Amino acid sequence: MTRQDVIVLVAILTTCADAQRTPMGGVPSGHLYAALMSTTDLNHYHTILSTLKSAGFVEERGHFLRATEKGIALAKELEEELERSKV
């Protein structure tokens with residue numbers, strides 16, 4: 001896994017987990033990709049998203065993404081680790 005893969009994976013997962021707390025409860029996939037366009041291309045985005053979905057961290061219905069409970073727990077761990085590494 002490359003550094004870019006990790007950056008995109010963390011961005012997708014943490015954004016989906018954060019979106020769980022919004023009234024919509026998730027994020028449209030196209031909107032999330034638009035936010036990541038400067039970081040990745042569409043094929044790479046779909047590859048990472050497919051990996052997250054097949055691993056059970058993210059679910060998609062009608063191009064609407066939601067983090068699963070498993071995904072929310074992993075996103076929390078990743079965010080905590082990123083905070084620790086900033087020191």
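**Exercises on a small sheet and its helices**

The secondary structure of the chain comes to 4 helices and 3 strands, and the model examined here is a predicted one.

**Exercise 1.** Work out in which order the elements of the chain run from the N terminus on, and find why the chain counts as being as compact as a globular protein of its length.

*Solution.* Reading from the N terminus on, the elements follow the pattern α-β-α-α-β-β-α. The next step is to compare the radius of gyration of the chain, 12 Å, with the globule rule, which gives 12 Å for 87 residues; the two values are close, so the chain is as compact as a globular protein of that length. Along its principal axes, the C-alpha trace spans about 40 × 30 × 20 Å. Finally, of the contacts between residues at least 6 apart in sequence, 59% join residues that are at least 24 apart.

**Exercise 2.** Determine in which order the strands form the open sheet, and which strands stand at its edges.

*Solution.* Begin with a general point: strands of a sheet pair through backbone hydrogen bonds, and they do this in either a parallel or an antiparallel way. In this chain the 3 strands form an open sheet in the order β1-β3-β2, with antiparallel pairing. The strands β1 (27-28) and β2 (58-61) each have a single partner strand and stand at the edges, so one side of each is left without a neighbour in the sheet.

**Exercise 3.** Trace how β3 pairs with β2 and with β1, naming residues that stand opposite each other.

*Solution.* Take β2 to begin with: this strand and β3 (residues 64-67) pair in the antiparallel sense over 4 bridges. Among the pairs, V58 has A67 as its bridge partner in β3, E59 stands opposite R66, and R61 stands opposite F64. The two strands form a hairpin with 2 residues between them, and in the turn G62 has a positive phi of about 55 degrees. Now turn to β1, which pairs with β3 in the antiparallel sense over 2 bridges; here V27 stands opposite L65 in β3.

**Exercise 4.** Decide which side chains along β3 are buried and which are not, taking under 20% relative accessible area as the cut-off for buried.

*Solution.* Following β3, one finds that the side chains alternate: L65 and A67 point to one face and are buried, whereas F64 and R66 point to the other face and are not buried. For the chain as a whole, 36% of the 87 residues count as buried, while the accessible surface comes to about 5,500 Å², of which 57% belongs to carbon and sulfur atoms.

Technical notes. Residues numbered from 1 in each chain as written. Predicted model: local features only at pLDDT ≥ 70, side-chain atom pairs only at ≥ 80, totals over all residues. Heavy atoms only, no water. Rg over C-alpha atoms; globule rule 2.2 N^0.38 Å. Buried < 20%, exposed > 50% of the residue type's maximum accessible area, 1.4 Å probe, protein only. Contact = heavy atoms within 4.5 Å. Areas by Shrake-Rupley, 256 points an atom, 1.4 Å probe, with all protein chains shown as cover. Pairing = 2+ DSSP bridges.
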